[in-house]
Amino acid sequence: MLVSGRRRLLTVLLQAQKWPFQPSRDMRLVQFRAPHLVGPHLGLETGNGGGVINLNAFDPTLPKTMTQFLEQGEATLSVARRALAAQLPVLPRSEVTFLAPVTRPDKVVCVGMNYVDHCKEQNVPVPKEPIIFSKFASSIVGPYDEVVLPPQSQVDWEVELAVVIGKKGKHIKATDAMAHVAGFTVAHDVSARDWQMRRNGKQWLLGKTFDTFCPLGPALVTKDSVADPHNLKICCRVNGEVVQSGNTNQMVFKTEDLIAWVSQFVTFYPGDVILTGTPPGVGVFRKPPVFLKKGDEVQCEIEELGVIINKVV
C-alpha cells in the first residue's frame, strides 16, 4: 500500500530500532555514507525502509562502488548473499546518508512515451518502436537529495521504473536480456518542459539533463527479489497529493524489448541505467499546466522497490 513519505520515514526509524538483527531475504543493494566511515560504502538495506548492513565491513575486499561490484558479477553477489543470511549489525537509517545506488554509469538511457495510458493522455499514437533519448550521468543524485530548479524553467515530475544493467552485452536477444539485468530501482525523470519541447531545436536532451534531474534509489533491488517488474504499482505525489498513479503493466516495451532494441546501437556495461518511461499525470498535460516550484516535495514510489523523496529548491 502506498503511504506518505513522512509516515514511511517514521515507520523506517521504528523498524530500525525494533528489528536491528533481522534482515529481509530480499537483496537490496545500496551505496551510502556514514559519519564514522571514510568515503562511500556498499551496503544492504534490510527490507524496504530498513537500516543498512555495511558490506565493506563484512568483507573488506569488496569494492566500494556499485559499478565495480556489478562488474565482478557472481563473485561479489555471493558475498552479499552470505551477508544477508548472517546476523550482522545494522546501522539505523537515521545514521546513514543514502547515495544513488549507481553513480557515474557509462550511460543513462531513457524511453519516451512508453506507457499506453500516458500516450492516451497526450492524444498521440502508441509508438511502433521505442523512442530513445538520454540523460548525462552527472544528472544523478541520491534518493533524498534536493532537485535544483534552473532559472525561469517549467520543471515537471515523472516517476519511472529504472533498470540497472549487470552484465556487458551488445546485440542482445530479447530472450537473453534478463541475464544482463542486475535489478531495478526508482527514478525521478525531472524534466524542464520549455527546454524539452520548445528550445534547443526540440531535442529532448538539455531539458532532461540539468544537474540533479535524475534522483535514483533508495536501493538496487536485484531481479530475483522482484516478483514481476512489469506488474508493479507506480505513484508520484507532490506535497502529499497523488499526481501519478499507474502500473508498470501499461509499459509498451518491456525491459527485454528495450535492452534488445538499444543494444543494436550501443554496448551495455555493468551499472548502465535504463529509465523505462512514465505513467499519465505529468504536469505539462494538465489543464492548466502545473509545474514544480521552490519548496515542493516530490515522492516517487514503486511497489516492492521503495520511495524516493526530493525537495525542490
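## Strands, a helix and nonpolar cores in a predicted model

Four strands make up an open sheet in the order 14-13-16-17, with antiparallel pairing, where strands count as paired if DSSP finds at least two bridges between them. Strand 14 (241-247) and strand 17 (306-311) are the edge strands, each pairing on one side only. From one strand to the next the twist averages 10°, with axes taken as lines fitted to C-alpha atoms (for helices over the stretch in contact) and angles running from 0 to 180 degrees between N-to-C directions. Helices (H or I, at least four residues) and strands (E, at least two) are DSSP runs, numbered from the N terminus.

This is a predicted model in which local features need pLDDT of at least 70 and side-chain atom pairs count only at pLDDT 80 or more, whereas totals for chains, interfaces and linings use all residues. Residues are numbered from 1 along each chain as its sequence is written, and side-chain values use heavy atoms, with hydrogens and water left out.

The table lists strand pairings with their bridges.

| Pair | Sense | Bridges | Opposed residues |
|---|---|---|---|
| Strand 5 and strand 6 (residues 131-135) | antiparallel | five | Gly112 and Ile131 |
| Strand 5 and strand 15 (residues 273-275) | parallel | three | Val108 and Val273 |
| Strand 16 (residues 297-302) and strand 17 | antiparallel | six | Ile302 and Gly306 |

Because five of the five residues of strand 5 (residues 108-112) are buried, this strand is largely enclosed by the rest of the structure; buried means under 20% relative accessible area with a 1.4 Å probe, protein chains only. Val108, Cys110 and Gly112 point one way from strand 5, while Val109 and Val111 point the other way.

In helix 4 (residues 74-85), the buried residues are Thr76, Val79, Ala80, Ala83 and Leu84. Seen down the helix axis, they fall within an arc of 140°, so they line one face of helix 4, the arc being that of the directions from the axis to the C-beta atoms. These buried residues pack against strand 1 (28-33), strand 2 (41-45), strand 3 (52-54), helix 2 (55-58) and helix 3 (66-71), contact meaning heavy atoms within 4.5 Å.

The largest nonpolar core (buried Ala, Val, Leu, Ile, Met, Phe, Trp, Tyr and Cys residues joined through side-chain atoms within 4.5 Å) has 48 residues, of which Phe32, Ile259, Phe268, Ile274, Val298, Ile302 and Leu305 touch the most other members. Among the elements that each supply at least two residues of this core are strand 1, strand 5, helix 8 (255-262) and strand 16, and strand 9 gives the most, with four residues. Apart from this core lies another, of 31 residues, among them Phe69, Ile140, Leu216 and Val273.

Conventions
Buried means under 20% relative accessible area, exposed over 50%, partly exposed in between (1.4 Å probe, protein chains only).
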